[in-house]
Amino acid sequence: MEIGLAGELIIKCLDCGAEYRIHIDSLDEETFAYERNMGDEVEHDFYGECQCEDCGNVMRFTIKAFEYPVGALNYCDEESDGCKILESPESVVNYYDSDFDYYEEEGIRQQVSGACANIERVLRDKEAIYDITPREFEELVAEVFSQQGYNVEITPATRDGGCDIIATKEISGIPYMILIECKKYSARHKVDVQLVRSLLGVQSDRKANKAILVTSSLFTRDARQFAERQEHLISLVDINDLMDMMRNAR
């Protein structure tokens, strides 16, 4: 079983009143455990941020679900900064049959076919990348790395462990692992240094060889300077870099 979200997240900018519909599969997740009388209580935080395209206000939002005792949804909460949550998704418990194969061959084939079609579409029209969903963006990025010889695994939409794609391959007989985080943002919403720092923490915790942050937009100057100081540990791929990678993978 796992705790997930269902429904829609709609927010309103507190500065100008613009409203935005947020894809729930674009939210990141962190979990925290607290010891209580009946065992652990697990807090699931589904969080994200976006920049208002009208006034530039940065809006942050978190949907919280509390599991207590483990396996039972206890209650839910929400937090916001710079915005008002007009409609929040429902926290749900998903139960799975352990024998179910989530990545059946036909499903993978359809996923790859869709990603290849989106790559060709974006190469014809760069702006088309803003029309695909965050999950389709992850699949597109995964296919680009697959065409570079990596074995790729797209993590579940929730409980992704801080990365969206795990890419592995052997180099001269030595295993090499890259953690890839994807941020499908609008062209005007730059990725800030906070997300780069967070990914570096995931890279260190998972002991991966490298972490890569890929976005459909650009990075702030602080984000690039921070990444440069990490040398080989983390790389940033903006929309222009991604376009070059797609062209070279053809």
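**Group meeting: a walk through one predicted chain**

Of the 250 residues in this chain, 44% count as buried. Please keep in mind that this is a predicted model. The chain holds five helices and 14 strands. Among contacts between residues at least 6 apart in sequence, 56% join residues at least 24 apart.

I will start with the interior. Nonpolar side chains in soluble globular proteins tend to be buried together. Here, the largest nonpolar core has 28 residues, and the ones with the most contacts inside it are L140, V141, I180, L242 and M246. At least two residues of this core come from each of α1 (105–124), α2, β11 (165–171), β12, β13 (210–215) and α5 (239–249). Which element gives the most to this core? That is α2, with six residues. Another core lies apart from this one; it has 18 residues, among them I22, L27, C50 and C83.

What does M246 touch, leaving aside its neighbours within four places in sequence? M246 is in contact with I119, V122, L123, L140 and V144.

Now to α2 itself, residues 134–146. Of its 13 residues, 10 are buried, so α2 is largely enclosed by the rest of the structure. The buried ones are P134, F137, E138, E139, L140, V141, A142, E143, V144 and F145. You can also check the length of α2. At 1.5 Å a residue, its 13 residues should span 18 Å, and the end C-alpha atoms are 18 Å apart, which agrees.

The same check can be made on α3, residues 193–206. Its 14 residues should span 20 Å at 1.5 Å a residue, and its end C-alpha atoms are 20 Å apart, so the two values agree. Which residues of α3 are buried? They are V193, L195, V196, L199, L200, V202 and Q203. An α-helix has 3.6 residues a turn, so residues three or four places apart point the same way. The cover over the buried residues of α3 includes β12, β13, α4 (221–229) and β14 (234–237).

After α3 comes a loop leading to β13, and K207 lies in that loop. Is K207 buried or exposed? Its relative accessibility is 71%, so K207 counts as exposed, the cut-off being over 50%. Its phi is near 55°, a positive value in a residue other than glycine.

T215, in strand β13, makes a contrast with K207. T215 has a relative accessible area of 0%, and therefore it is buried. Leaving aside neighbours within four places in sequence, T215 is in contact with F137, K183, Y185, V191, V237, D238 and I239.

K183 and Y185 bring us to the last topic, the largest pocket. About 1100 Å³ of space lies in this pocket. Its lining has 48 residues, and S26, E49, K183, K184 and Y185 lie nearest its centre. What is the lining made of, by class? There are 17 nonpolar, 13 polar and 18 charged residues in it. Several elements each supply at least two residues of the lining, including β3 (19–22), β4 (28–36), β5 (39–51), β12 (174–183), α2 and α3.

To go back over the main points: α2 gives the most to the largest nonpolar core, and α2 also supplies at least two residues of the lining of the largest pocket. That is all I have.

Methods
Residues numbered from 1 in each chain as written. Predicted model: local features only at pLDDT ≥ 70, side-chain atom pairs only at ≥ 80, totals over all residues. Heavy atoms only, no water. 1 Å grid on protein atoms, 1.4 Å probe; cavity = no way out; pocket = protein on both sides within 12 Å on 5 of 7 lines; lining within 4 Å. Points joined across faces, edges and corners; volume = space filled by probe spheres on them. Helix = DSSP H or I, 4+ residues; strand = E, 2+ residues; numbered from the N terminus. Nonpolar A, V, L, I, M, F, W, Y, C, P; charged D, E, K, R; others polar. Core = buried A, V, L, I, M, F, W, Y, C linked by side-chain atoms within 4.5 Å. Buried < 20%, exposed > 50% of the residue type's maximum accessible area, 1.4 Å probe, protein only. Contact = heavy atoms within 4.5 Å. Expected span 1.5 Å × (residues − 1).
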